[in-house]
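Dear colleague,

I am handing over a structure for your attention. Please look through it first; a summary of the findings follows.

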Amino acid sequence: FAMVKADNKIEQVSAASIIAKVFRDKLLKKLHRIESGYGWDKNAGYGTKEHILAINQNGVSKFHRKTYQPICQLIKKLST
């Protein structure tokens with residue numbers, strides 16, 4: 001089952017959420033060292049305006065999640 005706002009109600013879920021965010025942030029900083037043209041170190045994995053502009057300039061990298069709707073739309077746009 002799913003629980004809405006579980007991270008606000010259950011300590012273990014809250015802790016797991018914090019651990020996941022810290023892990024993601026560290027991963028994105030490492031990713032920035034590999035592919036610095038996308039601003040991974042500043043956007044925390046979110047499609048900021050600067051990140052979208054970088055994708056339009058540099059294309060979609062192998063690290064982008066192709067099933068994520070905005071990326072999927074950009075792939076379609078860039079291929080036409």
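Helices here are DSSP runs of H or I with at least four residues, numbered from the N terminus. By that numbering, α4 is followed by glycine 59, whose phi is positive, near 85 degrees.

Please note that the model is predicted. For the protein chain, the mean pLDDT is 88, with 99% of the residues at 70 or more. Confidence in the chain is highest in helix α2 (residues 11-34), at a mean of 93, and lowest in α5, at 83. As a general caution, predicted coordinates should not be read in detail where pLDDT is low.

Helix α4 covers residues 49-58, and His51, Ala54 and Ile55 are buried within this helix. Viewed down the axis of α4, these buried residues fall within an arc of 100 degrees, so they line one face of the helix. In general, an α-helix has 3.6 residues a turn, so residues three or four places apart point the same way. What do the buried residues of α4 pack against? Their partners are α3 (40-43) and α5 (69-79). Lys49, Glu50 and Gln57, on the other side of α4, are exposed.

A further finding concerns the aromatic residues. The structure holds one aromatic pair. This pair is formed by tyrosine 38 and tryptophan 40 and is tilted, with 5.7 Å centre to centre and 50 degrees between the planes. Are these two residues, tyrosine 38 and tryptophan 40, buried or exposed? Both tyrosine 38 and tryptophan 40 are buried.

Yours sincerely

Conventions:
Residues numbered from 1 in each chain as written. Predicted model: local features only at pLDDT ≥ 70, side-chain atom pairs only at ≥ 80, totals over all residues. Heavy atoms only, no water. Buried < 20%, exposed > 50% of the residue type's maximum accessible area, 1.4 Å probe, protein only. Helix = DSSP H or I, 4+ residues; strand = E, 2+ residues; numbered from the N terminus. Arc of directions from axis to C-beta. Contact = heavy atoms within 4.5 Å. pLDDT = per-residue confidence, 0-100. Phe/Tyr/Trp six-rings, centres within 6.5 Å; stacked < 30°, edge-to-face > 60°.
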